[in-house]
Amino acid sequence: AVFVDRDGKHFRHILNWLRDGAIPTLSESEYHQLLREAEYYQLLGLADYINEKLALKKTDNSCEAELTRKDVIKCIQAQKIRFRGLNLSGLDLSKLDLSEVDFSYACIERTNFSCANLHKAKFRLVEAAHSTFEQANLHE
């Protein structure tokens, strides 16, 4: 018999990780608790996995759009449009006329620009990971 002086709340997750490498989706606080257990048992692979999950949650939460699609549509009806430095992550801006819009320094990660008119749009130093530009007009 072996006695382990630890809280058993997350031990089933430890066992499942050891059996098949699977961890269910947990809340951030539960990930922190499980990380503490993984470090206690010196399960470096599990600790790395949890740290990656926590890092992804931080970046996902920090990239929420500051405007909605409706806000963007209202703005593009003006003459000169600037979205410089704004966070537009995750918005669906497909099929919009965004010609000559200045997106410089903006965060447009996971933004859908499919079939949008981006003629002469400026994208200087944007964060655009995982954005979609399928069939968008990107001339000039």
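Cys 115 lies in the segment after α4, and I start there because in this predicted model the residue has a positive phi of about 60 degrees although it is not a glycine. As for its surroundings, Cys 115 is partly exposed, with a relative accessible area of 37%.

There is a second residue to set beside it, and that is Gln 42, which also is not a glycine and yet has a positive phi of about 60 degrees. Gln 42 sits in the loop between α2, residues 28-40, and α3, residues 44-62, and with a relative accessibility of 66% it counts as exposed.

Let me now step back to the whole chain. The protein has 4 helices and 0 strands, so that reading along the sequence gives the pattern α-α-α-α. For 140 residues, a compact globule would have a radius of gyration near 14 Å, whereas this protein has 22 Å. The dimensions of the C-alpha trace along its principal axes are about 75 × 25 × 25 Å. Of the 140 residues, 32% are buried, and if we take the contacts between residues at least 6 apart in sequence, 20% of them join residues at least 24 apart.

On the surface, the protein exposes about 9200 Å², of which carbon and sulfur atoms supply 48%. For those of you who think about charge, there are 19 positive and 21 negative charges, and the mean positions of these two sets are 5 Å apart.

Next, the annotation. An unreviewed UniProt entry lists residues 2-46 as "domain: Potassium channel tetramerisation-type BTB", and I would ask you to keep in mind that such annotations may be inferred rather than shown by experiment. In the model, that span is 58% helix and 0% strand, and its end C-alpha atoms lie 22 Å apart.

Within helix α2 we find Ala 38. Which residues does Ala 38 contact, leaving aside its neighbours within four places in sequence? The list is Ile 14, Leu 43, Leu 46, Ala 47 and Ile 50. Ala 38 has a relative accessible area of 1%, and it is therefore called buried, the cut-off being under 20%. Looking the other way along the chain, Ala 38 and Glu 134 are 96 residues apart, and their C-alpha atoms are separated by 43 Å.

Let me turn to the segment after α4, where α4 itself covers residues 69-76 and where Ser 104 is found. Is Ser 104 buried or exposed? It is buried, with a relative accessible area of 2%. Beyond the neighbours within four places in sequence, Ser 104 is in contact with Phe 83, Arg 84, Gly 85, Lys 122, Arg 124 and Val 126.

One of those partners, Arg 84, is likewise in the segment after α4. Arg 84 has a relative accessibility of 40% and counts as partly exposed. If residues up to four places away in sequence are not counted, Arg 84 touches Asp 102, Ser 104 and Tyr 105. Arg 84 and Lys 70 are 14 residues apart in sequence, and from C-alpha to C-alpha they are 18 Å apart in space.

Still in the segment after α4, we come to Lys 120, which is partly exposed, with a relative accessible area of 38%. Not counting residues up to four places away in sequence, Lys 120 touches Glu 100, His 139 and Glu 140. Where the last of these is concerned, Lys 120 and Glu 140 are 20 residues apart along the chain, while their C-alpha atoms are separated by 5.0 Å.

That brings me to Glu 140, which is also placed in the segment after α4. Glu 140 is exposed, with a relative accessible area of 69%, and, leaving aside neighbours within four places in sequence, it is in contact with His 119 and Lys 120. How far apart in space are Glu 140 and Arg 36, C-alpha to C-alpha? The distance is 52 Å, for a pair that is 104 residues apart in sequence.

How values were computed. Residues are numbered from 1 along each chain as its sequence is written. This is a predicted model: local features need pLDDT of at least 70, side-chain atom pairs count only at pLDDT 80 or more; totals for chains, interfaces and linings use all residues. Side-chain values use heavy atoms; hydrogens and water are left out. Helices (H or I, at least four residues) and strands (E, at least two) are DSSP runs, numbered from the N terminus. The radius of gyration is taken over C-alpha atoms; the globule rule is 2.2 Å times the number of residues to the power 0.38. Buried means under 20% relative accessible area, exposed over 50%, partly exposed in between (1.4 Å probe, protein chains only). Contact means heavy atoms within 4.5 Å. Accessible areas come from the Shrake-Rupley method with a 1.4 Å probe; for residues, only the protein chains shown count as cover. Lys and Arg count as positive and Asp and Glu as negative; His and the chain ends are not counted. The place of a charge is taken as NZ of Lys, CZ of Arg, CG of Asp or CD of Glu.
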